[in-house]
Amino acid sequence: MKAYFYCRVAHDDSFSLERQAEELRRYAEQAGYTIVGAAAEHGSGMTLDRPALQEVMEAVLAGKVDVVLISSLDRIGRDWGMTKQYIALLTEHKVKLLCLRERVSIDSSSFSPFFT
């Protein structure tokens with residue numbers, strides 16, 4: 001399974017970005033995923049118009065991704081409606097979203113817990 005992960009912090013905190021990336025990389029390796037990309041950025045979660053988030057979506061649209069890994073749902077966005085929009089785009093392209101902190105897997109057919 002081809003995995004792309006996305007990390008975001010609101011403020012310039014490179015340590016937190018590195019910690020998110022390491023957590024996601026470790027999970028992907030343990031799950032046997034092939035990491036095909038990683039995107040990280042500093043920015044507000046109040047908009048979906050963010051370069052790294054767009055980078056992930058471009059890979060999804062190109063068919064290069066089976067699963068997007070994030071540390072928490074709020075890394076996508078702070079507004080639930082906006083976050084649901086992004087999830088809908090992923091699921092429309094048959095891409096699963098795994099959220100480590102909430103321990104949920106979201107795909108076109110389900111919103112279910114997973115165990116590590």
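**Close-up views of a predicted model**

**View 1. Tyrosine 27 is one of the residues tucked out of solvent.** In this predicted model, tyrosine 27 keeps a relative accessible area of 14%, so it counts as buried, the cut-off being under 20%. Tyrosine 33 gets the buried label too, at 17% relative accessibility.

**View 2. Tyrosine 27 and tyrosine 33 make an aromatic pair.** Scan the whole structure for aromatic pairs and you get just one. That pair is tyrosine 27 with tyrosine 33, sitting edge-to-face. Their ring centres are 6.3 Å apart, and the planes meet at 65°. Why edge-to-face rather than tilted? Because the 65° between the planes is over the 60-degree mark.

**View 3. Three helices and six strands make up the secondary structure.** Walk along the sequence and the order reads β-α-β-α-β-α-β-β-β. The radius of gyration is 13 Å, close to the 13 Å that the globule rule gives for 116 residues, so the protein is as compact as a globular protein of that length. The C-alpha trace covers about 35 × 30 × 25 Å along its principal axes.

**View 4. Inside the fold, 47% of the 116 residues count as buried.** Take the contacts between residues at least 6 apart in sequence: 65% of them link residues at least 24 apart.

**View 5. The protein exposes about 6,200 Å² of surface.** Carbon and sulfur atoms supply 50% of that exposed area. As for charge, there are 14 positive and 16 negative side chains. The centres of those two sets lie 4 Å apart.

Notes
Residues are numbered from 1 along each chain as its sequence is written. This is a predicted model: local features need pLDDT of at least 70, side-chain atom pairs count only at pLDDT 80 or more; totals for chains, interfaces and linings use all residues. Side-chain values use heavy atoms; hydrogens and water are left out. Rings of Phe, Tyr and Trp (its six-membered ring) pair if their centres lie within 6.5 Å; planes under 30 degrees apart count as stacked, over 60 as edge-to-face and the rest as tilted. Buried means under 20% relative accessible area, exposed over 50%, partly exposed in between (1.4 Å probe, protein chains only). Helices (H or I, at least four residues) and strands (E, at least two) are DSSP runs, numbered from the N terminus. The radius of gyration is taken over C-alpha atoms; the globule rule is 2.2 Å times the number of residues to the power 0.38. Contact means heavy atoms within 4.5 Å. Accessible areas come from the Shrake-Rupley method with a 1.4 Å probe; for residues, only the protein chains shown count as cover. Lys and Arg count as positive and Asp and Glu as negative; His and the chain ends are not counted. The place of a charge is taken as NZ of Lys, CZ of Arg, CG of Asp or CD of Glu.
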